[in-house]
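Please look through the sequence and the model shown here before reading on. The report that follows moves from the chain as a whole to its sheet, one of its helices and some of its charged pairs.

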Amino acid sequence: MTIHGIAALSLSAVTVSPQSVVFKKTSFLGPRKSLFTEKRPRDNDDDEDEYVVARQIKKQKTVDIVNKTAQKEVRSEAMKSALDKMENEGDLIGDGSRVHCLPTIQGRHKDLKSVSAQTVSQLLAGKYADVISSYQIIDCRYPYEYEGVHIEGAENLHNQALITDLVTGLQQRDTTQRNILIFHCEFSSERGPKLLRHLRNLDRKLNSDRYPFLFYPEVYLLDGGYKAFYEQHQSQCNPRNYVPMMHQNYSKQLRHFRVKSKSWTAGDKQNMRSRRHQIDASPLKMCLW
């Protein structure tokens, strides 16, 4: 056999694996790895476990989406039902569960339920004890006004922080009991109405997931404020006196509280604009009162 035949036979007997080809490709920089390497062997058990876990996660996400959609539909129906009830039955309290227990009058603020000084006097005298579990009179005047004189049993909550504490501090409420709030300031023209609206807006926000439930569904505004009450029922004021907001002896205190009140008034206006936008954008036009 010739030398050429022996060489040909030797080459045909050599088995060249793909892997060897991959790593025998060289350049002047040394061995170079091909872009087309063979696949790594797959651990079937680990891959199957990962696949099962991924499927379970995807399934759970689908279930969560379905549940959230169903909950939204239920809340939407509840909201529609509550709004229809409030529109059809008229003078209902904020959660639509019953009518107002105190006689209301047409006050200056159309979006709020107002009561007269006479009605508040009767409330203090116990006339409504058989239908009301408890009541709180919220005096929104500045502390020097309140300390000078106030309605019997009234509490001085004169800023948003104090009203927020009143709402957030109420963890549970017996829905079978009737607990009412009556707000007022000197004339019930500005401070009282603003803080009443703050309470209702915060109450709605905290209970947005269970509309129309409210911690304080029945709230009123004393028409004419402390001035009107003092003029008619001095005997139920403690002491029998009247310190107006603009009293010359308290000009320093007035400046102090006005400066402090401006900081949360600006935030209140922004929240009100946001609230109006949300109501306008809502297909239900949610009634917040």
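## Charged pairs, sheet and buried parts

K113 is partly exposed, with a relative accessible area of 35%, where partly exposed covers the range between buried (under 20% relative accessible area) and exposed (over 50%), found with a 1.4 Å probe and protein chains only. This is a predicted model, in which local features need pLDDT of at least 70 and side-chain atom pairs count only at pLDDT 80 or more, while totals for chains, interfaces and linings use all residues. Residues are numbered from 1 along each chain as its sequence is written, and side-chain values use heavy atoms, with hydrogens and water left out.

K113 forms a salt bridge with D91, a salt bridge being a side-chain nitrogen of Lys or Arg within 4 Å of a carboxyl oxygen of Asp or Glu. Both K113 and D91 lie in the loop between α3 (44–89) and β3 (114–115), so the pair ties together parts that are 22 residues apart in sequence. D91 is itself partly exposed, at a relative accessible area of 30%. By the rule given above there are seven salt bridges, and the table lists some of them.

| Salt bridge | Closest N and O atoms |
|---|---|
| K113 and D91 | 3.1 Å |
| R141 and D139 | 2.8 Å |
| E190 and K194 | 3.5 Å |

In the second pair R141 and D139 are buried, whereas E190 in the third pair is partly exposed, with 46% relative accessibility.

The protein chain has nine helices and nine strands; helices (H or I, at least four residues) and strands (E, at least two) are DSSP runs, numbered from the N terminus. An open sheet of five strands follows the order β3-β8-β7-β4-β6 with parallel pairing, and two strands count as paired if DSSP finds at least two bridges between them. The edge strands, β3 and β6 (155–156), each pair on one side only. Strand β4 (residues 134–139) pairs with β6 in the parallel sense over two bridges, and I138 stands opposite E155 in β6. Helix α7 (residues 191–206) packs on this sheet, where it touches β7 and β8, and its direction makes about 175° with that of β8.

Which residues of helix α8 (residues 225–232) are buried? They are G225, Y226, A228, F229 and Y230, and what covers them includes α4 (117–124), β5 (150–151) and β7 (179–184). In the protein chain, buried residues make up 37% of the 289 residues.

How values were computed: Contact means heavy atoms within 4.5 Å. Axes are lines fitted to C-alpha atoms, for helices over the stretch in contact, and angles run from 0 to 180 degrees between N-to-C directions.
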